[in-house]
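Grab the model and work through these exercises at your own pace. Try each task before you read its solution.

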Amino acid sequence: MGMTDVLIVGAGPTGLVLACDLARRGAAVRVVDRSPAPPRTSRAKGPNPRSLEILDDLGVAEEVLAAGSDPLPMLKYRDRRPVAEADPWADSAPSPDARYGRGWLIAQWRLEGILRDRLAGYGVRVEPGREVVGLAQGRDGGDGGDGGHVDVTYADGPAGRARYVVGCDGAHSSVRKLLGITFEGTTAEDQVMVCGDVDLADGALDRTRWHQWFDEDGAVMLCPIPGTRTGWWFQAGPERDGRGRPLAPTADGFRRLLAHHTALPGRALTRAELLSTYRVNVRMADRFRAGRVLLAGDAAHVHAIAGGLGMNTGIQDAFNLGWKLGLVLAGHADAELLDTYEEERLPVAARTLDLTSERLRATLEAIRRPGGGLDAAITPDTTGLGVGYRWSSLAAGGPAPGAEQPGPRAGDRAPDAPCADAATGERTRLHRVFAGPRTTVLGFGPGSAAVLRETADAYGGDAGVRVCRVYAAHEDHAGAEPGAVVDDAGHAAAAYGTGASGDTGAGTVVVVRPDHHVGVLAPADDARSVREYLRRLHGTGRSAERSPGMVDAVR
């Protein structure tokens, strides 16, 4: 049987983002899903600002933006009458260090379709109707020695073999169960919502609003699905039987709920599909890796829906894991690098569980009063832009604790900044420089030239590292290296706290990981920190094999 580099189990947003990231690195990827056809699900309402940056890096943000819409203001009703309107995104706008000021509204099935198309561009297609029923790790005990592999058994069809397996197969993950990893937490049987995609009669409701009816005896929420003429997301408190137990969702049940809470007649709801019952589940796997098998997304953690962080946390898991798997598969980094996935993402998942539970509590509190609504769940925390890994073993060096200075610290998300291409003058931005599956070394100030040159010599060409000199507006950049940028408005210097380092000639060097997090932020004369960090991720590079005369391709 042929060996796959990575078998991804589950073709939701988490699995698809991971597959796209690995495929563009040239890894041999397979994606299997137990559903016989692409699962149509209406749960997630779209990517938050951090996920949009990731989709941008993967080259699909334009399509996602075109297929969706801005998040909508919320119109809230009590006793069928509108009582309040709120736009939790009114004040959020793009800034120089973050291109996306707010999340985006797009049906999850539409987002998945865009990602599947991108994946097909790399020659990889999701294999439907493939259910994993057995996993056996090869002899190396999963420590990453070259001979290691996982044998995979399917419910039907031939077995397979992969160097690594990643379970992205949701809250009921078969992969997690096969590993025997516990999924500790609680399910609130009484906190239940029924959901579905519905069609309403044309013109029944204003499609520029997310309508929310909160009454003492229940609730109905209707949000228009972008890209459809009459499609809406329907969420409601369930109907209950005589003993108060929630009833399963049905189209007729949805019509009764609509007629009971809103001024619309039940017949205004012409179609209902993708019906599901949502219970508040707050659970987390106690580890995200067992040898050569890893967990991501809902397979690793599930939490309250408040704040819309479920799909987003999964996408961000995938983006953290993809580059690490890529460097290990390519033989640049040791398999221990994979331990940093759990080291970084498990605390983020734990914090997300707390954050969403708190937002749910705030929302349930808010809707008891007329005018309260789902805007109670939206806080700056839900953008994802503040998530970093300062505690990580991959966050090297940086200022001494307590030395507060502007700019990010090692482990933080690397800020974006508008700038100009030094050679052509064309507008670009740092996240464009970072885009694609490489580590970037930024140099601020003339003093950074030496370390950039040394890095280019060692890793130039295709070794997965690029260097980028960031010139201040007043510096002479005639004859700048290919790929250099001019910080013409000073946004990059402000974002990275390098101040006027260009004046002193000292300068700063910043190593940015492929997932846009700062690895090293050091004075430009600290070449050793940069060298050691790159060696850990990318091996020793090619300095040993190359003669000095061959420094040509910096990018």
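## Exercise 1: Aromatic pairs

A search of the whole structure finds five aromatic pairs. Rings of Phe, Tyr and Trp (its six-membered ring) pair if their centres lie within 6.5 Å, with planes under 30 degrees apart called stacked, over 60 edge-to-face and the rest tilted.

A word on the source: this is a predicted model, where local features need pLDDT of at least 70, side-chain atom pairs count only at pLDDT 80 or more, and totals for chains, interfaces and linings use all residues. Residues are numbered from 1 along each chain as its sequence is written, and side-chain values use heavy atoms, with hydrogens and water left out.

**Task.** Classify the pair Phe234 and Phe254, then say which parts of the chain the pair ties together.

**Solution.**
1. Start with the geometry: the rings of Phe234 and Phe254 are 4.1 Å apart centre to centre, with 20° between the planes, so by the cut-offs the pair is stacked.
2. Now place them: Phe234 belongs to strand 12 (residues 231-236) and Phe254 to helix 6 (residues 251-261), so the pair ties together parts that are 20 residues apart in sequence. Helices (H or I, at least four residues) and strands (E, at least two) are DSSP runs, numbered from the N terminus.
3. Check the surroundings: Phe234 is buried at a relative accessible area of 1%, and Phe254 is buried at 1% too. Buried means under 20% relative accessible area, exposed over 50%, and partly exposed in between (1.4 Å probe, protein chains only).

**Task.** Is the pair Tyr389 and Trp391 stacked or edge-to-face?

**Solution.**
1. Tyr389 and Trp391 have 6.1 Å centre to centre and 85° between the planes, which makes the pair edge-to-face.
2. Tyr389 is buried, at 2% relative accessibility, whereas Trp391 is partly exposed at 43%.

## Exercise 2: Charges over rings

**Task.** Which ring faces do Arg176 and Arg469 lie over?

**Solution.**
1. Recall the rule: NZ of Lys or CZ of Arg must be within 6 Å of the ring centre and within 35 degrees of the ring normal.
2. Arg176 sits over the face of Phe183, 3.6 Å from the ring centre.
3. Arg469 does so over Tyr471, at 4.1 Å from the ring centre.

## Exercise 3: Positive phi

**Task.** Where do Asp79 and Leu274 lie, and what is the phi of each?

**Solution.**
1. Background first: most residues other than glycine have a negative phi.
2. Asp79 has a positive phi near 50° and isn't a glycine. You'll find Asp79 in the loop between strand 3 (74-78) and strand 4 (81-86), and Asp79 is exposed at 52% relative accessibility.
3. Leu274 has a positive phi of about 55°, again without being a glycine. Leu274 is in strand 13 (residues 269-285) and is partly exposed at 26% relative accessibility.

## Exercise 4: Salt bridges

**Task.** How many salt bridges does the rule give, and which helices hold Lys324 and Glu344?

**Solution.**
1. Side chains of opposite charge can pair when their charged atoms come close. The rule asks for a side-chain nitrogen of Lys or Arg within 4 Å of a carboxyl oxygen of Asp or Glu, and the count comes to 31 salt bridges.
2. One of them joins Arg255 and Asp252 at 3.0 Å, N to O. Both residues lie in helix 6, three residues apart, about one turn of the helix. Arg255 is partly exposed at 22% relative accessibility, and Asp252 is partly exposed at 47%.
3. Lys324 and Glu344 also meet in a salt bridge, at 2.7 Å, N to O. Lys324 is in helix 7 (residues 310-329) and Glu344 in helix 8 (residues 339-366), so this pair ties together parts that are 20 residues apart in sequence. Lys324 is buried at 0% relative accessibility, and Glu344 is buried at 0%.
4. Salt bridges with shared partners link Asp56, Arg99, Asp416, Arg429 and Arg432 into one network.

## Exercise 5: Around Val32

**Task.** Which residues, beyond four places in sequence, is Val32 in contact with?

**Solution.**
1. Val32 is in strand 2 (residues 29-32) and is buried at 0% relative accessibility.
2. With contact meaning heavy atoms within 4.5 Å, and neighbours within four places in sequence left aside, Val32 touches Leu7, Ile8, Val9, Gly10, Ala11, Glu127, Arg130, Val132 and Tyr154.
3. Two of these contacts, Glu127 and Arg130, form a salt bridge with each other at 3.9 Å, N to O. Glu127 is partly exposed at 23% relative accessibility, while Arg130 is buried at 15%.
4. Pro128 is 96 residues from Val32 in sequence but 6.0 Å away in space, C-alpha to C-alpha.
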